[in-house]
Amino acid sequence: MLSIKNLRAKVADGGREILKGIDLEVGPGEVHAIMGPNGSGKSTLAGVLAGRAGYEVSGTVTYDGRDLLAMSTDERARAGVFLAFQYPVEIPGVNNMYFLRAALNAVRRSRGESELDAGQFLKLVRQKLKLLEISDDLLQRPVNVGFSGGEKKRNEIFQMAMLEPKLAILDETDSGLDIDALRLVANGINKLRARDRSMVMITHYQRLLDYVEPNRVHVLSGGRIVASGDKSLALELEAKGYAGLEAA
Amino acid sequence: MIAPLKQDALIATREAAARRFVLPTRRDEPWRFTDLRTLEKSLFPPAAPGADAPSAAVQAAYSSGAPAQRVVLVNGRVAAIQGAHVARLAERLELVREIDDLGPFAALNTAFVEDGIVISLPAGASERIEILHWGAAESAGAYTRVLVELGAGAEATLVESFAGTGNYFGNVIAAIRLGEKARLRHVTLQDEAGAAVHLGAVKADVAEGAEYEAFVLMLGARLSRHDLVACLGKGARCAINGAYLLRGQQEATIATFVDHAAPCAQTSEVVKGVVDDRAHGVFQGKIRVRSDAQKTDAHQLNRNLLLSPRAAVDTKPELEIYADDVKCSHGATVGDLDEAQLFYLRSRGIPEPEARRILVEAFAVDVVDLVADAPARDYLMRHLGRWLESGR
């Protein structure tokens, strides 16, 4: 599903190198966790995969048989790549429902499907809300404006449920959540796990992995993947810290 | 440049006004940002009578659809009129006066005007009036005067639309007098033909406790300017909001001057600009708070969005305060679309042109939302939507 080879990324205009040769293979339906200390390049990796501007990128990323790096941000999204933002962006004046319908219809158009009218769209929204056990109070507000940290993250997962991506990159979706909100968001993620949906979960802490069990765990440090293993690697990290792992 | 004036009862007034008219230049402070290079060759004499009225479809497009007294002018002359409180200026020409503080184009209007509208509401009356100013002329002018007088406690909603076809010169001067506790909601849509020039000016005298709520949406014309001068009595309230949305090589100015001469009056002003391609937008806004105008509450804001590297904006918000117990603020911003917002929308699959349109719409809708009258607001939204769609 996702094959990353020797991916390097530098801040544009001669900035420093942040990703220094990443190799990663994520199979269909697999959930991979990427853990690492602050400044290790986790969010840069998420941004580069989603097509964020401001980086000079080299290496190859093959997604679903296509050259991901050659695609624009919105092409990637329409092809099924979804980034759950660490800091979801507030957009005053743009209603959340209007935004989501524009996004969903853009995705549907590119798949050759018909656009949903307001009624069909609302029906789908209700289904997904029910699935995720979240209330609809966020829908009539402007995108992320005035949302609490937990509401913003829930809204990201809700968007993922609506857009049904093939590859979801979750960038610190657990950060800033209290334990109840974390459980809610983790339940949402678990419900969206599917055989044809791969996930890359970026996180600081092991606690998300208590709720969402990954197939593989990778440790990113200094712009490289320095260790990979099963979920026991996360427990080891929790015990020894990143410093302990780097020393090993 | 002044062409022969109409030899009527107003001739002495016309001649005096014509003598006073001088084409402004960038050395005149109120005009320093407006590019007037192409104006001189557009100062056409009045169009001959007899042009066709706009089709029913055009009239429907330039109507909010709400029940109202309707007036249609073609090239500055009344083509259709209704309403007990609405009269033709051509039959009341003695009402034409020079309006000193509206600048040179008010003088030009006095020299040439032959028709227009007189709205006169007695105390306590209430009315909704919609005026379509239609321009249909090549190298000719439409000179119009609108006089509005509201008696004490009267209420009116006035929706004026400017549209047309051809390279005409549109010049409209409005004089508004609001009696005590009267209230006027005044909505203006300037959607003139792309080759036209539009110079409009409004003078509003707002008596004690009266309310004047103006909204101006500027979409059309090659070169346009809307001047608004309001003089506020004690406890009067004034709202001036609006937007200019420009593309191609359009040039547009919104210039306002609010004079707080008496205490306890309020002004709120929000003007937004969306400027694309090589267009140029100008906002000049002044609020004067005279020494007697204690307890004034006045706020002014101009925000601009530049959509292309060659688009330009000049903005000059200004407060002139001579009283010491007042609450006043002003501000101006000029910026691009927010890259983070654009990335967020695109990361959900929305193609870049649509993502940009969504953000521009949000920016502009925010100010149109300030129009309290729902049919007028929907009407402006409809034309705003059309402007956004036509840019794709």
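Contact here means heavy atoms within 4.5 Å. The model treated in these exercises is predicted.

**Exercise 1.** Determine which share of the contacts in chain B between residues at least 6 apart in sequence joins residues at least 24 apart.

*Solution.* Begin with the secondary structure: chain B holds six helices and 19 strands. Next, restrict the contacts to residue pairs at least 6 apart in sequence; of these, 84% join residues at least 24 apart.

**Exercise 2.** Assess whether the radius of gyration of chain B agrees or disagrees with that of a compact globule.

*Solution.* Step one is the expectation: for 392 residues, a compact globule would have a radius of gyration near 21 Å. Step two is the comparison: chain B has 20 Å, which agrees with that rule. Step three adds the extents, since the C-alpha trace of chain B spans about 65 × 50 × 45 Å along its principal axes. Finally, consider the surface. Taking under 20% relative accessible area as buried, 58% of the 392 residues of chain B fall in that class. The chain exposes about 15000 Å², with 49% of this area supplied by carbon and sulfur atoms.

**Exercise 3.** Describe the packing of helices α3 and α5 of chain A.

*Solution.* Two packed helices are described by the angle and the distance between their axes. For α3 (residues 96–110) and α5 (residues 149–163) of chain A, the axes come within 10 Å and cross at roughly 35 degrees. The crossing of α3(A) and α5(A) is right-handed. Residues in the contact include Phe99(A), Leu100(A) and Ala103(A) from α3(A), and Phe158(A), Gln159(A) and Met162(A) from α5(A). Classification gives eight nonpolar, three polar and no charged residues in this contact.

Definitions and conventions: Residues numbered from 1 in each chain as written. Chains lettered and ligands numbered in written order. Predicted model: local features only at pLDDT ≥ 70, side-chain atom pairs only at ≥ 80, totals over all residues. Heavy atoms only, no water. Axes fitted to C-alpha atoms, helices over the stretch in contact; angles between N-to-C directions. Helix = DSSP H or I, 4+ residues; strand = E, 2+ residues; numbered from the N terminus. Left-handed = near helix turned anticlockwise from the far one by under 90°. Nonpolar A, V, L, I, M, F, W, Y, C, P; charged D, E, K, R; others polar. Rg over C-alpha atoms; globule rule 2.2 N^0.38 Å. Buried < 20%, exposed > 50% of the residue type's maximum accessible area, 1.4 Å probe, protein only. Areas by Shrake-Rupley, 256 points an atom, 1.4 Å probe, with all protein chains shown as cover.
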